[in-house]
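Let's take a walk through this structure together, stopping at a handful of spots along the way. Have a look at it first, and then we'll go from place to place.

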Amino acid sequence: MRVFTGIAASPGIVVGTLKVVDRQRLAITEYVVSPKGVAAEIARLKAAIAATRAGLEALKLDLEVSNCEEHLNIIDTHLLILADERLFVETASIIESGLINADGALHRTLQKYRTTFASIEDAYLRERINDVETVIETILRTMTGQSHDNIVPDNAMTVIAAHDITPADILQMDRSRIIGLVTEIGGRTSHASILARAFELPAVTGVIGIANPSLDGASVIVDGLIGRVIVNPDRETFLDSLQRKRRYEYSELELLKLRDLPAETLDGYRMQLKGNVEIPEEGASVLNYGGGGIGLYRTEMLFMNRREMPEEDEQFRAYAATQQAVSPHPLTIRTLDAGGDKLLDGVPHLTEQNPALGMRAIRLSLNMLDEFKKQLRAILRVSALGKVRIMFPMISGLDELRKAKAVLEECKSELAAAGIPFDRQIQTGVMIEIPSAVMMADMLAPESDFFSIGTNDLIQYTLAVDRSNEHLSEFFQPLHPAVLRSLHRVVEVAHTAGIEACICGEMAGDPFYLPILLGLGFDELSMGSSSIPRVKQMLRRCTREQAQAIAAACLKFSTAAEVDCYLKSEITTHIAESFD
Ligand code: PEP
Ligand code: MG
């Protein structure tokens, strides 16, 4: 038996079989070969191209049997690229003239193609580099023996173990057969962890050594409540975990009884508790857990795992389905928040030194206006169906907000001119998740209909702590006085301007923070749906007055540890004795 500890990234306990998948980046080393070795390197190149072609042809046969039209087209494109003699001829000539190994030479060919494609004006043709990259990388993996497993479950109780898992991987995997996730890297607020919680897949991150191939096939217990992973458990540990699992599942069921009770304090103060969703299917789960609508729809998931950006109609259908799923409750749709750890195949690849500070979110949308307008028109059209609000991610200041709103006005005029209905009073909100937006909140408020704080990014940028870095989890402190002061300022400014103050970052879904957030005066908390019952339970145990006193006291402390200690003692003595 081996016990690993990591970060509790998504709650729940599962028992299953470990499947180790390789998600490591391709590593290519270039080295010099002797003139005598040239022929052998050229033969390696030829063999790898032939093996890749054979693999693709076999895959094509499988797809033909299963009638998978869309994937067949992709395979055909890849076979065409492989059939082009230039790939072989140019690489062989680099091997000969430069006396370098075949993989190093092929990598050089890839770099050359990247440069050539980058200078093509036509966006469609420019993006064909993605296909060329996929083909060349497959040849390189064949040549160097670095496999890149697809995440395919072995059985219906598969726990995936990997160095890293991206949000795109999670969206793509067969979630009916995968019951848990364990990764070596990633934090609680990484988007992969957020998705694991959304899909109720217990997960532990920061587990060094779990991606070791020798563990493949082992039996495993993933305890996403305390961040523990047990490989090959002994009988006693196994029985003990089963008992913990049953207790947890029973308490979750009990909490569901709160579903139809109002989200209000003991003294009758109501707070809006809503769900965050990533895909339309999650709308039903928001209602199942008793949410009063959707406070954050992360639309970027619709843009992942595909080469073309979704057209306006496709977006309309997805947003409308989400709206219908929670109707008559309101839906807040966030415009594309790509970049950072959410990379899109359809967006020309930017090689960035600092993706978290790079071309992302609203900056990216304003940089591709045609795509931005498609999205805004789709959202506007859905606003004709029910209560819908728009929210812009990562606004850094007034100029960005004004630019985004100007594009929105343009879209409204276009729809009006075409006689297409939309809500002319649609509310437009700003996500406050960059410290500059906190500082500028008083200027942003008169031009916004609501604020929603993205605490995941706000904490990351305020404290300069990468939210996805498993080594920094102790520094990612929601109770840091600088964070609390920011929350306080934003709520005060919003209320002075007469607009709503909401939170949609992960902090909103942790019942421990509820007394502070209630006391600070937030109007709405939006969270992963399965967190709603616990947060509601805490809300129903507080009085507003008590929470206001707690928040006022918390604002006076000078370190996160002091706030944490005080809050724990207040909660356990006055609100919920059994809280741990
Ligand atoms: C946030 O930053 O808190 C947020 C809600 O947005 P995301 O997690 O998608 O970046
Ligand atoms: Mg964010």
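A good first stop is the magnesium ion (ligand 2), which is coordinated by E433 through OE and by D457 through OD, at 2.0 to 2.2 Å. Those two residues link distant parts of the chain, sitting 24 residues apart. E433 lies in the loop between β13 (427–432) and α15 (435–439), while D457 belongs to helix α17 (residues 455–463). Keep in mind that this is a predicted model. Are the two residues tucked away or out in the open? E433 has a relative accessible area of 2%, so it counts as buried. D457 comes in at 3%, so D457 is buried too.

Next, find a pair of helices. The axes of α11 (residues 312–326) and α13 (residues 369–382) come within 8 Å of each other and cross at roughly 40°. Oblique is the word for angles that are neither under 35 degrees, nor over 145, nor from 65 to 115, and therefore α11 is oblique to α13. The crossing of these helices is right-handed. On the α11 side, the contact is made by E312, D313, Q315, F316, Y319, A320 and Q323. From α13 come K374, Q375, R377, A378, I379, R381 and V382. Sort the contact by class and you get 6 nonpolar, 3 polar and 5 charged residues.

Two of those names turn up again at T299. You'll find T299 in the loop between β10 (294–298) and α11. Its relative accessible area is 0%, so T299 is buried. Leaving out residues up to four places away in sequence, what does T299 touch? Its contacts are Y319, I333, R334, T335, L336 and Q375; Y319 and Q375 also take part in the contact between α11 and α13.

Now move to helix α2 (residues 69–83), where L79 has its place. With a relative accessible area of 13%, L79 falls under the 20% cut-off and is therefore buried. Setting aside residues up to four places away in sequence, L79 touches R53, L56, E57 and K60. You can also pick out T52, which is 27 residues from L79 along the chain, with 9.2 Å separating their C-alpha atoms.

The last stop is E252, in helix α9 (residues 235–255). E252 has a relative accessible area of 18%, which is under 20%, so E252 is buried. Not counting residues up to four places away in sequence, E252 touches S530 and R534.

Note on methods:
Residues are numbered from 1 along each chain as its sequence is written. Chains are lettered from A and ligands numbered from 1 in the order in which they are written. This is a predicted model: local features need pLDDT of at least 70, side-chain atom pairs count only at pLDDT 80 or more; totals for chains, interfaces and linings use all residues. Side-chain values use heavy atoms; hydrogens and water are left out. Helices (H or I, at least four residues) and strands (E, at least two) are DSSP runs, numbered from the N terminus. Buried means under 20% relative accessible area, exposed over 50%, partly exposed in between (1.4 Å probe, protein chains only). Contact means heavy atoms within 4.5 Å. Donors are N, O and S atoms within 2.8 Å of the metal (3.2 Å for Na, K and Ca); water is not among the atoms, so sites may look incomplete. Axes are lines fitted to C-alpha atoms, for helices over the stretch in contact, and angles run from 0 to 180 degrees between N-to-C directions. A crossing is left-handed if the near helix is turned anticlockwise from the far one by less than a right angle, and right-handed if clockwise. Ala, Val, Leu, Ile, Met, Phe, Trp, Tyr, Cys and Pro count as nonpolar, Asp, Glu, Lys and Arg as charged, and the others, Gly among them, as polar.
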